[in-house]
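Student: Please take a close look at one part of this model, the annotated site, and follow it outwards to the elements around it. Kindly state the criterion behind each term when it is used.

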Amino acid sequence: MIPAKLPKSRLSGATRAIALAVGLTLAQTPSQAQELPSIGGTGGGLISDQQESEIGQQVLMTIRRSTPRITDPLVYDYLSEITYRLVPSAPLENRNLKLTLIDDPAINAFAVPGGVVGVNGGLFLNATTEQQFASVLAHELAHLSQRHFARRLEQQETSAPLTLAGMIAGIVLSAVTQSDLGIAAIAGTQAMAVQNMLSYSRAHEQEADRVGLDILASSGLDPRGMPEMFEIMMRQNRLQGNRLPEYLSTHPLTQSRVSDTRNRAEQYPHTDIRDGQEYHLIRSRLQVHYAQSPEIAVNTFKAYLDNPKAIQNDAIRYGLAVAYLENQQPAEAENILRDLLERNPGRITLQVTLGEALMAQNKVSEARMLLRKALSRNPDNYPITSTLARVEIKDGNGDAAAEYLKQLTRRLPDQEHLWLRLAEAEGMARNIVGVHRARAEYYALMGDFESAQRQLRQAQEKLPAGSTERQVVSERLAEFSRRMRPEQ
């Protein structure tokens, strides 16, 4: 594995940013964010679907404001594909999941009420097979399907109900930092109660293991990937000494649980299940992302290829191409990618990355032609459409870029970075109303409804009275006003 860039200052800085963002969330006035009601308490029963949805929305807002995330459409597209491969086999009531990718090389994943599923980039680094990677997702989907969070909340015997704001603080901090840092950062907001609630019990972990194994098997994946992944985590735990891996801070793991999961996995039929190539392409892409430098990534992948058995390994060759691209050597990347496409015609990840290499050499027309042809064969594909928008922005075609980005924001309205890119494209196209509308959606996703309203009012002023677009803007403005209004 490529040595990951993991300077302590980066992680501590991220932790400080998260703590600050959570603190601001807790301190917001009703004019800045939704009033957060108290929920739970003894005898209250399970939290409602509406409350779970509200928790999920607030968690996402806080993560957007506080946590570095991976916005690479190729990585997101793969995560979405493998997750929704598992979903039909998961006994979920709500299958409309919201996925988020945390830009952190540590092993971690989490699922919280409202259908939010988060994955650290580091999960790709440490899971050497697709089966291992999928096992963590299956485990998290099992927690969601069994409503372990709500059941844990119901068991809390606290004299006062836990506020939703305090719960969100705990969720975010426990999801993306070490749990002890999370407790310190939310001191004074029932931190210990939050932490106790987020640490799953052994019974819940065993249930999630059992359900997760069923999900894997029913999805055509290998249940043996789960004990293999647990072994990797245990090994990291031993290597890190007193510093518990993030995932294990809320998912306690013992050797007996690993053994039990291995025994259960062996009860499923033995079949020859092979990894999809896409997982290893994306894994190589993230290995470059987390390398200490692009030059080190180039040298590392070259060293991998020195092994005679690895010469025909397309994922390693792809990793070298991505490393070349990051190291400002796009021509070398292009040569590898064209050769890989001859061996793997039509593979989207290779086409998109070749488009990036062509753009880096200012071969804009060639990149456009390649990607348009790919899009005609794969309509509505996210990575292709996103890269085409980049091509048009690079070539100064704001109208064309905006059209691609409008398509993406309709399909992926929760991806705030797409709204920022749309605002840029609309500005290039001199569509000022479009700029204001896109910025308003960005601010709303960040939880800043005052700024969102301000942008929509500016758009409203520039639209003729009685026009259809002005009516749409007015309706959206009213929606933001309702979301700002404190709950009675």
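**The annotated site and its surroundings**

Tutor: Aspartate 209 has its place in helix 10 (residues 202-218); helices (H or I, at least four residues) and strands (E, at least two) are DSSP runs, numbered from the N terminus. The model is predicted: local features require pLDDT of at least 70 and side-chain atom pairs pLDDT 80 or more, while totals for chains, interfaces and linings use all residues. Residues are numbered from 1 along each chain as its sequence is written, and side-chain values use heavy atoms, without hydrogens or water.

In an unreviewed UniProt entry, Glu140 and Asp209 are listed under "active site"; such annotations may be inferred rather than shown by experiment. The two span 70 residues in sequence, yet no two of their C-alpha atoms are more than 9.3 Å apart, so they gather at one spot. Glutamate 140 belongs to helix 5. With a relative accessible area of 3%, aspartate 209 is buried (under 20%; exposed is over 50%, partly exposed in between, with a 1.4 Å probe and protein chains only). Glutamate 140, at 1% relative accessibility, is buried as well.

Leaving aside neighbours within four places in sequence, aspartate 209 is in contact with His139, Met226, Phe230, Arg257 and Thr261, contact being heavy atoms within 4.5 Å. With histidine 139 there is also a polar contact of 2.9 Å between the side chains; the term requires N or O atoms within 3.5 Å, one able to donate a hydrogen and the other to accept it.

Histidine 139 leads to a second annotation. The unreviewed UniProt entry gives "binding site" for His139, His143 and Glu205. These residues are spread over 67 residues of sequence but cluster in space, the largest C-alpha distance being 8.6 Å. Histidine 139 is in helix 5 and is buried at 1% relative accessibility. Glutamate 205 lies in helix 10, and its relative accessible area of 0% makes it buried. The side chain of glutamate 205 has a polar contact of 2.9 Å with the side chain of histidine 143. Helices 5 and 10 thus each supply a residue of the "active site" annotation, glutamate 140 from helix 5 and aspartate 209 from helix 10.

Beyond this site is a sheet. It is an open sheet of three strands, in the order 2-4-3, with mixed pairing; pairing requires at least two DSSP bridges between two strands. Strand 2 (98-102) and strand 3 (109-112) are the edge strands, each pairing on one side only. From one strand to the next, the twist averages 15 degrees. Strand 2 pairs with strand 4 (residues 116-120) in the parallel sense over five bridges, and leucine 101 stands opposite valine 119 in strand 4.

Two helices pack on this sheet. Helix 3 (residues 73-86) touches strand 2 and strand 4, and its direction makes about 135 degrees with that of strand 2. Helix 5 (residues 130-145) touches strand 3 and strand 4, with a direction about 20 degrees from that of strand 3. Angles run from 0 to 180 degrees between N-to-C directions of axes fitted to C-alpha atoms.

The buried residues of helix 3 include Leu74, Val75, Leu79 and Ile82. Aspartate 72 caps the N-terminal end of helix 3, with a side-chain oxygen 2.9 Å from the backbone nitrogen of leucine 74.
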